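This report walks through selected local features of one protein model for a reader who is meeting it for the first time. It takes up a loop, then several helices and the ways in which they pack.

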Amino acid sequence: MKAAIYPGSFDPVTYGHLDVIRRAADIFDELTISVLNNVKKTPLFSVGERVKILKEATKDLKNVTVESFSGLLVDYAKEKNIHVVVRGLRAITDFEYELQNAQTNRLLSGEKLDTMFLTTSLEYAYLSSTTVKEIASFGGDISACVPEFVADEIYKKYGVTK
């Protein structure tokens with residue numbers, strides 16, 4: 001059975017993330033979406049909220065599970081006995097950062113953890129969680145960026161009524 005981890009902050013999950021999730025779920029028998037608890041960041045949503053949102057957004061994908069982790073990805077992958085990480089790429093700038101992470105993870109894992117890159121579909125190449133949050137904080141329309149129930153949660157966080 002082929003399994004993979006798709007790690008990230010997902011703060012918030014966007015249509016770009018969901019595009020990568022759906023495509024990876026078609027490739028692997030099991031896909032674990034792993035929400036990173038990064039103590040160095042101040043997220044809009046708590047880890048628990050992000051896990052709950054992702055579970056709702058992926059409830060139709062039977063081979064997808066959602067959980068959280070903290071610490072090193074290589075340790076988490078080893079604990080799960082998973083040897084493939086999925087990462088999405090929007091632009092060449094993403095590639096430089098992700099390549100460095102992939103090489104570091106491979107080295108730290110004793111060459112037991114590989115990274116598979118999926119390029120984001122062109123219709124979502126502009127999307128980032130940071131941009132979505134900025135637009136929403138000013139009351140802008142984010143309906144093309146995130147599912148409706150996610151938009152509602154984001155607007156609530158910013159006190160924006162729609």
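P12 lies in the loop that runs between strand β1 (3-8) and helix α1, and in this predicted model the peptide bond that joins D11 to P12 is cis, with an omega of about 0 degrees. The loop between β1 and α1 also holds F10, which is not a glycine and nevertheless has a positive phi of about 50 degrees. With a relative accessibility of 4%, F10 counts as buried.

A positive phi is also found at N81, again a residue other than glycine, where the value is near 60 degrees. N81 belongs to the loop between α3 (73-80) and β4 (84-89), and at 56% relative accessibility it counts as exposed, the cut-off for that word being over 50%. The residue G159, which comes just after α6, takes a positive phi of about 70 degrees. The table sets these residues side by side.

| Residue | Place | Phi |
|---|---|---|
| F10 | loop between β1 and α1 | positive, about 50 degrees |
| N81 | loop between α3 and β4 | positive, near 60 degrees |
| G159 | just after α6 | positive, about 70 degrees |

**Two residues of α5**

The residues D11 and P12 come up again in the surroundings of helix α5. S129 is placed in helix α5 and is buried, with a relative accessible area of 14%. When its neighbours within four places in sequence are left aside, S129 is in contact with D11, P12, T14 and H17. S129 and Y15 are 114 residues apart in sequence, while their C-alpha atoms are 9.9 Å apart in space.

K133 also has its place in helix α5. Is K133 buried or exposed? Its relative accessible area is 18%, and K133 is therefore buried, since that word applies under 20%. Apart from residues up to four places away in sequence, K133 touches D11, P12, L44 and Y158.

**How α5 meets α6**

Two packed helices are described by the angle between their axes and by the distance between the axes. For helix α5 (residues 129-137) and helix α6 (residues 148-158), the angle is about 60 degrees and the axes are 9 Å apart. The two helices, α5 and α6, are therefore oblique to each other, and α5 passes α6 in a right-handed crossing. On the side of α5 the contact is made by V132, K133, A136 and S137, and on the side of α6 by I154, Y155 and Y158. Sorted by class, the contact of α5 with α6 has five nonpolar residues, one polar residue and one charged residue.

**The buried sides of α6 and α2**

The buried residues of α6 are V150, A151, I154 and Y155. Around the axis they cover an arc of only 135 degrees, and so they lie on the same side of α6. These buried residues of α6 pack against α2 and α5.

An α-helix has 3.6 residues a turn, so residues three or four places apart point the same way. Which residues of helix α2 (residues 47-57) are buried? They are V47, R50, V51, I53, L54 and A57. Seen down the axis of α2, these buried residues fall within an arc of 165 degrees, so they line one face of the helix. The face of α2 that is turned away from this buried side carries the exposed residues G48 and K52. Among the elements that cover the buried residues of α2 are α1 (15-27), β2 (30-36), β3 (64-69) and α6.

**How α2 meets α6**

The axes of α2 and α6 come within 10 Å and cross at roughly 160 degrees. The cut-off for roughly antiparallel is over 145 degrees, and α2 is therefore roughly antiparallel to α6. This contact is made by E49, I53, E56 and A57 of α2 together with F149, V150, E153 and K157 of α6. By class, the contact of α2 with α6 has four nonpolar, no polar and four charged residues.

Methods. Residues numbered from 1 in each chain as written. Predicted model: local features only at pLDDT ≥ 70, side-chain atom pairs only at ≥ 80, totals over all residues. Heavy atoms only, no water. Axes fitted to C-alpha atoms, helices over the stretch in contact; angles between N-to-C directions. Helix = DSSP H or I, 4+ residues; strand = E, 2+ residues; numbered from the N terminus. Parallel < 35°, antiparallel > 145°, perpendicular 65-115°, else oblique. Left-handed = near helix turned anticlockwise from the far one by under 90°. Contact = heavy atoms within 4.5 Å. Nonpolar A, V, L, I, M, F, W, Y, C, P; charged D, E, K, R; others polar. Buried < 20%, exposed > 50% of the residue type's maximum accessible area, 1.4 Å probe, protein only. Arc of directions from axis to C-beta.
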